Amino acid sequence: MTADNNQERPELAKAYEFKSVEKKWYDVWEEQKHFAATMDPDRESYCIVIPPPNVTGVLHVGHALNNTLQDVLVRYKRMQGFNTLWLPGTDHAGIATQNVVERQLATEGKTRHDLGREEFIERVWQWREEKGGTIINQLKRLGSSCDWDRERFTMDEGLSKSVRQVFVRLYKEGLIYKGDYIVNWCPRCHTALADDEVEHEETNGKLYNIRYPLADGSGHLVVATTRPETMLGDSGVAVHPDDERYNKLSSMAVKLPLSDRTIPIIQDYHVQKDFGTGALKVTPSHDRDDYEIGQRHNLELIKIMDPHGVMNEAAGKYAGLDRFECRKKIVADLEEQGFLESIEDYQHGVGHCYRCNTVVEPITSEQWFVSVKPLAEKAVAAVRDERINLMPKTWHSTFYNWMDNIRDWCISRQIWWGHRIPVWTCEDCAEVIVETEDPTSCPKCGSTKLEQETDVLDTWFSSALWPFSTLGWPDKTQELATFYPTSVLITSFDILFFWIARMMMMGLHIMDEIPFKDVYLHALVRDKHGKKMSKSTGNVIDPLEIMDTYGTDALRFTLAAFAAQGRDIRLDEDRIEGYRHFINKIWNAARFSMMHIGDSDPATLKDFDYNTLTLPHRWILSRTSHTVTAVRKALDGYHYNDATSAIYKFVWHEFCDWYLEWIKSDLFSDNKEAAAQAKAVLCTVLETILKLIHPFTPFVTEEIWSVLPGERSCIMMESYPEATPDWENDAEERRAELLMGVVGGIRNIRSEMMIHPSATIETIIICPDQHKAKILQEEASTIKNLTRTETLAVLNEGDRPKGSASSIFEDLEIFVPMQGLVDVEKESAKLNRDKAKLLKNLKQTEGKLGNDKFLANAPEEVIAKEKEKMAAFKGTLEKIEDSLARLSELK
């Protein structure tokens, strides 16, 4: 669907119907393979790998922001002539996807164990085939120009091969090991979680102070805990070696309350002397810090819970109780038996599973780990020496601090859906086999009795290989040679350690090369009040609904306009509606332009003599070149908000508000040369605008582009505008700004004094600057045309004419005599009536907001609306009083 000179060209509809336009053009782009990358060695490559959304996902506003920012860059670079590849794909999302399918089975009265591992995995693949494409189709709805023929999945054959290769290599290098360690355990998902998969929430809890009797009966220690149920697994009490309170204890052991065990008192520098009593209960199997203390002092590991968070046989009479039920029972028994000293209110961070929000239980377990310290050092070095440019730079200190204190990465998960760990154990000789291909026999004893590890790898393990595995590694593909390292990664800051840091580590270690040159971390999208969006608070903005209501281009432009580096986005639907008006403004400007250039010979629209152009044309061409420079600079520096701001100002306030008004006299002129020049410049600037804004608003620009005169390919395949230094003329811009300032001042007088639009006026300008006065006299006809001024006088000095309204611009005074234009008494009376009515409404609203009962009982949104009403009333009142003051000057 490209333009053809020999075909009748369609006209732009009166209104922009985005729903039909968006589908039409996306289908065209896909059919004509405009998103496809090529292996062209003569062009510079530009590659982005999409942060793969979960296969279970649906488009949320965070996805919309992230993919809009990526698409803006890809379209920009494509139009610059780069060989672009935006590589799409989805993540298998181990825990999330397994949970979805298990819930589906539950509706059938089944569990995964009823099916068995192989049949369950087949069921998950079936679900993926049926439902897994939802997020991809929604990304297309957003206008994402990914090379969909190259779509990848973290469980596809090629990526599975990559995962195996990396695991085996790291294992044989001694960087993957299996061992007992304290892990974050989710009793709901039944799997270990990495540190960064645990979300800590501030919780109003309790601090329980418990008496631990000294073993010799001479007294007791008081220890504080937020989890009294874990005391059943205590194997010691720790005090600080320098704590004088405990230097002369008669016994170095205590009796564990509610049990018959005696446990030692140990000294350890980890203990905080100023927390509680300075005595710390040590539960090595259920607390990470306690685990480290236990390792240093050879304390017994006593695990008191099973994988479901239920107390086990080691908990004695409490076995079988849920951990939280056990807490209540323990507290009651401690109080009954005289061991409970006190209970305090206590706010603290409690870890929750990032998937199901269940409270995480630290627990000792045998797991697989990656020793990440050596890998982290390479990633830190790459950021420090700027081989990887991490933006905004405010994240550098956080990144370094995390990486310097990084713990080994627990990569095993106790679920079925995912990359099964490629480790086998011989049942006859216990030989451990780790290979890229499934072994058929034991290399040591020849036995065929081999048992594979049942755990799967953490989802983030396969995601960490994404930049090179998706390009074909471990095979030496042309894609890998052409596009690795990739150009930029754009993602949210909240997965800096989940994913970005791990991609850095894996890319540098496996490929011996950075995975990407730039990392742009965008902020979170919040509601207009700065609150996190959540279904429970009802403040979620659904991008799919927004696109249905306002169009995709309006959403995209809004998100880019809000994307200031390092600043959370406060998304307001009113602003989206505002940018929808901007899209309509472009549409209407194009319709106006087509009224004049639609039937023109395309050759004449490319031909104008700059030296013979009048001021409005020279001014708009200069502003066009400067705007192109500003937008390109902003996009090259990832300053999306600056780019949209420059575009918005130029299109709305300069091109539409001024230039189109300014050149109407030329367009409708009988002077054929003047009309031809105006049409040529108009077409040139309109084309530049459409190409300039296309990466942000692809649909509306493609639709307008398709109806412009001449044979045209799709706009997305056109060249992005470059600055034209020969057009730049600061002197002409200052000349135009003077004119616009004067015209604006006269128009303000007309508006504020409510002069009828058809009435002609007299204007007097006092201008002491001889150079400015000369310009105003030379451009007098333009000023008259734009302000309906009948007579214009430009004076070097003079007094204010009697009965005139005035305006100031720079050192100029602008006067419009009001005699015969305004009935001062009548207008004053009308304004005073409006003022009285407004004061009554304002008093009523102020009364509500001054009522403590109303403020205490009314919903937050009702109070907010009343505050908005009060602000609006005050704003209108101020305008009325200004108008009354102006009218009084005329008496």
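**Salt bridges and a buried helix face**

Aspartate 345 counts as exposed, since its relative accessibility comes to 64%, over the 50% cut-off. This is one of the residues to look at in the predicted model shown here. Aspartate 345 pairs up with lysine 206 in a salt bridge, where the closest N and O atoms lie 2.5 Å apart. The two partners come from distant parts of the chain: lysine 206 sits in strand β7 (residues 198-213), aspartate 345 sits in strand β13 (residues 340-353), and 139 residues separate them. Lysine 206 itself is partly exposed, at a relative accessible area of 37%.

That pair has plenty of company, as the structure holds 51 salt bridges in total. In general, side chains carrying opposite charges can pair when their charged atoms come close. Another example joins lysine 281 to aspartate 234, with 2.9 Å from N to O. Here, too, distant parts of the chain are linked, 47 residues apart: lysine 281 belongs to strand β12 (residues 279-282), while aspartate 234 is found in the loop between β8 (220-225) and β9 (236-239). Both ends of this bridge are tucked away from the surface. Lysine 281 counts as buried because its relative accessibility is 4%, under the 20% cut-off, and aspartate 234 is buried as well, at 0%.

Arginine 43 and aspartate 40 make up a further salt bridge, and their closest N and O atoms are 3.4 Å apart. Arginine 43 is partly exposed, with 33% relative accessibility, and aspartate 40 also counts as partly exposed, with a relative accessible area of 26%. Salt bridges can also join up into something bigger than a pair: Arg735, Lys774, Glu778 and Glu779 are linked in a network.

Two members of that network, Lys774 and Glu778, fall within helix α25 (770-778), which turns up again as a neighbour of helix α26. In α26 itself, which spans residues 780-787, the buried residues are Ala780, Thr782, Ile783, Leu786 and Thr787. Around the helix axis they cover an arc of only 160°, so they lie on the same side of α26. What do these buried residues pack against? Their contacts take in three helices and two strands, namely α20 (640-662), α24 (730-752) and α25 on the helix side, plus β26 (761-766) and β27 (789-795). Right after α26 comes arginine 788, whose phi is positive, near 55°.

Terms used: Residues numbered from 1 in each chain as written. Predicted model: local features only at pLDDT ≥ 70, side-chain atom pairs only at ≥ 80, totals over all residues. Heavy atoms only, no water. Buried < 20%, exposed > 50% of the residue type's maximum accessible area, 1.4 Å probe, protein only. Helix = DSSP H or I, 4+ residues; strand = E, 2+ residues; numbered from the N terminus. Arc of directions from axis to C-beta. Contact = heavy atoms within 4.5 Å. Salt bridge = Lys/Arg side-chain N within 4 Å of Asp/Glu carboxyl O.
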